[in-house]
Amino acid sequence: MATLRPGSIHDPALECLSEEAWRAHLGAQLSATVARAWKAAPRARRTLEQAGLVPADVVGLEALARIPITRKDSLPAMQAEEPPFGGLATLEPGALARLFMSPGPIYDPQGHDGDFWRFRHAMAAAGYVRGDVVLNSGSYHLTPLGFMLDAGARALGCAVIPGGTGQTELQLRAASHLKATAYTGTPSFLFQLLTRARETGTLLSLEVAFVIAEMLPESLRADIEAFGVRCRQGYGTADLGCLAYECAALGGWHLHPDTLVEVLDLETGQPAAPGQPGELVATIFDEAYPLLRFATGDIGALAPAGRCACGRVAPKLAGLVGRVGDAVKVKGMFVRGGQVEAVLKRFPETGRFRAVVTRDQHLDQLTYEIEVDRPGEAALADTLGAALREELKVRGEVRLLARGALPEGSKKMDDRRVWK
Ligand SMILES: [Zn+2]
């Protein structure tokens, strides 16, 4: 097999500092961010005040543990109470660059920094270089992923084809005609494109991929790289942007050098030792959206300590192992049992349900098994499918069952995927 294109270090002055200098950098950023939030984000200020903190108390990383945690799960309620951003943004809506709505619903602001969500470091590590033509199949529709990846690629001097989701044939044609050299989006869609190109004899020029928003099992990475496309992944959230990314050495994802990511034990709330699972809690240093100790609901573990062969200083996440609560990620979107329930409540003819997630040919499959009065009604299945898709932004198949058909005590979200 031909050699794959290598990755690079975008900002050695930040990514390859000494550990001491890096921690000093994070400490200084934390202090500045707390001061900004205090001044312009009313809820952030109240939260600090309730903890007995003023900005002068937060000098360096030592004060971090005294800052209260803000939970992602609480955002919808906070935003309803103090619209639109829950008192956590520093700018009025009209002074921002973009405003997004993710399922939840959760509103997310974008400030004016060129690479607001800091994806450029991750994409350079994946192998992106100036002059790449990038097919971006992250969604540009209401949710921020498409714009996040777009901004990172453009900050590196790449040109972007804003593919968005779906329309596989059109995206394939665009990537072929425009000679896309790089891809970003979910790994399953990339695999679909590569497979389709082979089936149809379509010439693709892809050399490198940065994938996100979905699990990347090693079997899928190998299948993608067998097409000659180097594939690296990152981790981020709609609220926080990029939090971690893979380097050439693999074996985990470096924490983003310009964010403060903690892995906190689920019971004690104290930093979890390497190898021990904990909730990922991040502080970002954005001007417009200075989130302090924001708990993602994602559970991960740090890799064993020690400097990586690539030269980067930031520790690595060994991987993600699940979610706090009932949310399951399907086709790159979070699906919560509670959201499914809320939709089905609008239809009195429905009863208990189970959302089953499986995986076939590297693609997630979502099936809603729903108990109804008359399971033979095909029109009802279509109506429910459309209502669920509109709310959850993910397509799923609806199977209508007779009342009482689901086993007692079955889970609302039944994730049966096996990752190899
Ligand atoms: Zn590394």
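Student: How do you know that there are zero salt bridges across the interface of domain 1 and domain 2?

Tutor: The rule looks for a side-chain nitrogen of Lys or Arg within 4 Å of a carboxyl oxygen of Asp or Glu, and across this interface it finds zero. Keep in mind that this is a predicted model, where local features need pLDDT of at least 70, side-chain atom pairs count only at pLDDT 80 or more, and totals for chains, interfaces and linings use all residues. Side-chain values use heavy atoms, without hydrogens and water, and residues are numbered from 1 along each chain as its sequence is written.

Student: What makes them domain 1 and domain 2?

Tutor: An automatic or database domain assignment sets the bounds, here 12-325 for domain 1 and 329-415 for domain 2. Their centres, taken over C-alpha atoms, are 29 Å apart. Contact (heavy atoms within 4.5 Å) takes in 18 residues from domain 1 and 15 residues from domain 2.

Student: What is the area buried between domain 1 and domain 2?

Tutor: Buried area is the accessible area (1.4 Å probe) the two parts lose on being put together, summed over both. Here that comes to about 1300 Å², with 59% from carbon and sulfur atoms.

Student: Why are the buried residues of α10 said to be on the same side?

Tutor: Buried means under 20% relative accessible area (1.4 Å probe, protein chains only), and Gly337, Gln339, Val340, Val343 and Leu344 of helix α10 (residues 337-344) pass. They are on the same side because they cover an arc of only 165° around the axis, judged by the directions from the helix axis to the C-beta atoms.

How values were computed:
Buried means under 20% relative accessible area, exposed over 50%, partly exposed in between (1.4 Å probe, protein chains only). Helices (H or I, at least four residues) and strands (E, at least two) are DSSP runs, numbered from the N terminus.
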